[in-house]
Amino acid sequence: MNPKLEIEQLKKEIERNNYRYYVLDDPRITDKEFDDLLKKLKNLESQHTNLVTPDSPSQRVGGIPSDAFEPHPHSVPMLSLDNVYTPEEFRDWWARLEKNLKDETPFEVTVEPKMDGVSLALIYEKGFLTKAATRGDGETGETVTANAKTIRSIPLKLSAEKFPVPARFECRGESYMFKKDFEELNRRLAKEGAKLIVNPRNGAAGALRQKDPSVTATRPLRFCAHSAGPISEGLKIQSHSEFIEHCKAFHLPVPNPRYQLCKNADEVLKCFQKWERDRDSLPYEIDGIVIKINSFALRKTLGFTSKSPRWAVAFKFSAHQVSTQLREVEFSVGRTGAITPVAKVDPVECSGVTISSISLHNFDEIERLEARIGDTVLIERAGDVIPKVIRVIKHAANGKKISVPKKCPSCNEPVAREKEEEVAWRCVNLSCPAQLERSLLHFASRDGLNIEGLGESVVQELLQKKLVSNFADLYDLTKEDLLKCKLFGDKKAENLLSEIESSKTKPLSKLLISLGIRHVGEKIARTLAGHFKTMEQLSKSTEGGLLRVPDLGPTIAESIVQFFKEKKNHELIESFRKAGVNLNEPEQKFEKGMPLSGKTVVFTGELATYSRAEAEELVRRLGGNPASSVSKKTHYVVYGPNAGSKLKKAQSLGVPFLTEDEFNKLIGEKS
């Protein structure tokens, strides 16, 4: 057979079976037979590369990994919907429709399930999928075309069997996962020892933003078209119901069960009750229904508010609630030492999920609830995602009070609250094992001492082997120690030890950032290091002395004093000193006439040449001042891919903005 003809036939057969499997849920061949068809196509295309086209099923998986997502300005904004939660609120919205349309104007609405996923816009030109973009802030999204092409339910080419394909067609919809697919994905991740995904919506969002499309291809994403974007004039679509029929004919997936037409508020309320009753039996998560004026002409009459269309509303279901018994409370410790009480309850199903643990957030919340161990409590899944204790239904006769632990449950060191009015109680030991993994990662991060090679897997193994129990232990590691770990060979061990040795030379400001002292970020660390010059002087400072330092308030001053009060933190700093870690801040000297002398520079978006911290450090070295926000006093805004509101503000204020290449040319040879 002619190779071109054979390839075309294979493409049609594969897409036909894709459509039957992912859209109609009516497969006619086995997975093995489907894989064989795809394999045959790939083999043929490898022999005739000139016959590979963008709409080929072989192009769905394994596209080129992207370093960044290009911004996509939506030609028509992707606005969010207003919400109503009760029949009364819905009837008020309906009454406003009637008033705005003048009571004598007859109208009908469509009612569809509100799928719990991530908004996605698909743009087809001459029938071919040319771009896919996320909603973003409504005005500008992220281009995720390569990732969207891995979603099997999205046709790469529109079918022209029933309607002519327009020159340009944009549909907007939801990227989501079936419940069973999500559960299977988490089972697979658990076997691989990977972090589990919280819920299907998070899974869809994370999958769409993968920089490597081959990773997205392993996620069980689906797509459902629910709204029209800008459409070519040649396509005469007058209503939402017509739009959905065109989508169906183009082989784009549409809501299943499909929309229902309603002529009055009572009919909509009946639909709402039916959807709420049937929601758990659906294969996907929904959190309400969406009601839209069917006629596009009437939509135009109604228009928009600044945030939402007046012609549509989301009618949200009430959160599912169940009762259970609070059996005990455990305490978890976060990176900053915050102690979080976690309620252990009798396992109970809520919105299709079995719940046995619920965060109580803090001890003030426990007091508000007046909760005790043994009480019967009412819980709900807020937004059908996060379980929350709403109230105590019945106090136990012999209920046990839940008290703040006097000692950290992890390291047995004291627990304290910085201020009487502060909510969180914290472990004050910086070397607490429960805090240590996340603290070590922060210590080694780019914003901290930038120890390349000290990533999550390495930190976990060092802790498991008990080779590290605090930050200073890193400086006692030997090659022999590292070779005891599975992750290390000779070269990798030598590289990490070299990075650790190099970190000793970093300035005091970097060390202060890496220590993770509460409220001390990059700006405050630089201010402290510039003012006190040495760790010794800083450690002796009083609250009064700290309050005389520019930009320091009472909260930061108290946090610093509290840090240096702790004996273990003094021991840690002494260990740094003995290891040869730099505890001083060098004087910065700027030459006159440097490219950025006296200039304020703001960075936005993703940079290719530097990390954000490196770029801001470069500005300082060249005599400038890096800032985080744009004002009339800003001299330059340097932008990269995914630049957001800062670039827009620069444009509105008339502040000069530069690409990264233009910035590099500006700073010239002195960079």
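This is a short guided tour of selected strands, helices and residues, to follow in your viewer. The model is predicted.

**Stop 1: the four-stranded sheet**

Select β21, β22, β23 and β24. They form an open sheet with parallel pairing, in the order β22-β21-β23-β24. Now look at the two edges. Residues 625-627 are β22, and residues 657-659 are β24. Each of these edge strands has a single partner, so one side of each is left without a neighbour in the sheet. Turn the view to see the twist: on average, neighbouring strands are turned by 30° against each other, direction ignored.

Next, keep β24 and add β23, residues 636-639. The two strands run parallel and are joined by three bridges. Pick out Tyr639, and opposite it you will find Thr659 in β24.

**Stop 2: helices lying across the sheet**

Select residues 612-621. This is helix α22, which lies across β21 (600-604) and β22. Its direction is about 165° to β21.

Which residues of α22 are buried? They are Ala613, Ala615, Glu616, Leu618, Val619 and Arg620. Show what surrounds them. These buried residues pack against β21 and β22, and also against the helices α16 (508-515), α17 (522-532) and α24. Then step past the end of the helix to Gly623, which follows α22 and has a positive phi, near 85°.

Now select α24, residues 660-667. This helix lies across β21, β23 and β24, and runs at about 100° to β24.

**Stop 3: a loop residue**

Go to Leu552. It sits in the loop between α19 (543-547) and α20 (554-565). Is Leu552 buried or exposed? Its relative accessible area is 8%, under the 20% cut-off, so Leu552 counts as buried.

Show its contacts. Leaving out residues up to four places away in sequence, Leu552 touches Ile524, Thr527, Leu528, Leu546, Leu547 and Ile560. Draw a line from Leu552 to Ile524, C-alpha to C-alpha. The distance is 7.6 Å, while in sequence the two residues are 28 apart.

**Stop 4: a hairpin**

Finish with residues 321-333 and 339-350. These are strands β12 and β13, paired in the antiparallel sense over seven bridges. Select Ser332; its bridge partner in β13 is Thr340. Now follow the chain through the turn. Five residues lie between the strands of this hairpin. Stop at Gly337, where phi is positive, near 90°.

Note on methods: Residues are numbered from 1 along each chain as its sequence is written. This is a predicted model: local features need pLDDT of at least 70, side-chain atom pairs count only at pLDDT 80 or more; totals for chains, interfaces and linings use all residues. Side-chain values use heavy atoms; hydrogens and water are left out. Two strands pair if DSSP finds at least two bridges between them. Axes are lines fitted to C-alpha atoms, for helices over the stretch in contact, and angles run from 0 to 180 degrees between N-to-C directions. Contact means heavy atoms within 4.5 Å. Buried means under 20% relative accessible area, exposed over 50%, partly exposed in between (1.4 Å probe, protein chains only).
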